[in-house]
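Please open the model in your viewer and keep the sequence panel beside it, so that each stop on this tour can be selected in turn.

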Amino acid sequence: MNAMRKLSILISVFVLFGLFGMAFASAATVAVDLAHGENEKYLAEDVLEYGTNKTLAHGIVKTITDVEWGYFGDPMAADTLGINHLLEKR
């Protein structure tokens with residue numbers, strides 16, 4: 001094989017991996033276990049500076065957006081978290 005053909009195959013592999021890799025990453029679901037009384041603080045809430053209430057960091061769900069979030073535990077927390085309960089039908 002000549003060098004140009006090897007290079008073109010290598011570039012094609014990187015392009016295809018980039019296209020399909022993003023599709024696979026965005027299809028992933030991250031499940032959070034809130035079934036045993038775990039605290040969901042900072043999962044959806046922002047981290048605020050004490051005394052000034054200045055936002056230091058956004059909640060994890062707002063920060064990591066390339067996955068689908070879900071949780072199991074108390075189904076009533078869906079209203080405050082803004083993510084799907086895993087037993088909930090979509």
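Begin with the whole protein chain in a cartoon view, where you can find 3 helices and 5 strands (DSSP runs numbered from the N terminus, helices being H or I with at least four residues and strands E with at least two). Followed from the N terminus, these elements come in the order α-β-β-β-α-β-α-β. This is a predicted model, in which local features need pLDDT of at least 70 and side-chain atom pairs count only at pLDDT 80 or more, while totals for chains, interfaces and linings use all residues. Residues are numbered from 1 along each chain as its sequence is written, and side-chain values use heavy atoms, with hydrogens and water left out.

Next, select aspartate 46 and lysine 62, whose side chains form a salt bridge at 3.3 Å, N to O (a side-chain nitrogen of Lys or Arg within 4 Å of a carboxyl oxygen of Asp or Glu). Because aspartate 46 sits in the loop between strand 1 (29–34) and strand 2 (47–48), and lysine 62 in helix 2 (residues 60–63), the pair ties together parts that are 16 residues apart in sequence. A search of the whole structure finds 1 salt bridge.

Now move to histidine 85, which belongs to strand 5 (residues 84–85). Is histidine 85 buried or exposed? Its relative accessibility is 7%, so histidine 85 counts as buried (under 20% relative accessible area, with exposed meaning over 50% and partly exposed in between, for a 1.4 Å probe and protein chains only). Finally, show glycine 73, whose backbone oxygen lies 2.8 Å from a polar atom of the histidine 85 side chain.

Note on methods:
A polar contact is a pair of N or O atoms within 3.5 Å; within protein, one must be able to donate a hydrogen and the other to accept it, and residues adjacent in sequence count only if both atoms are side-chain atoms.
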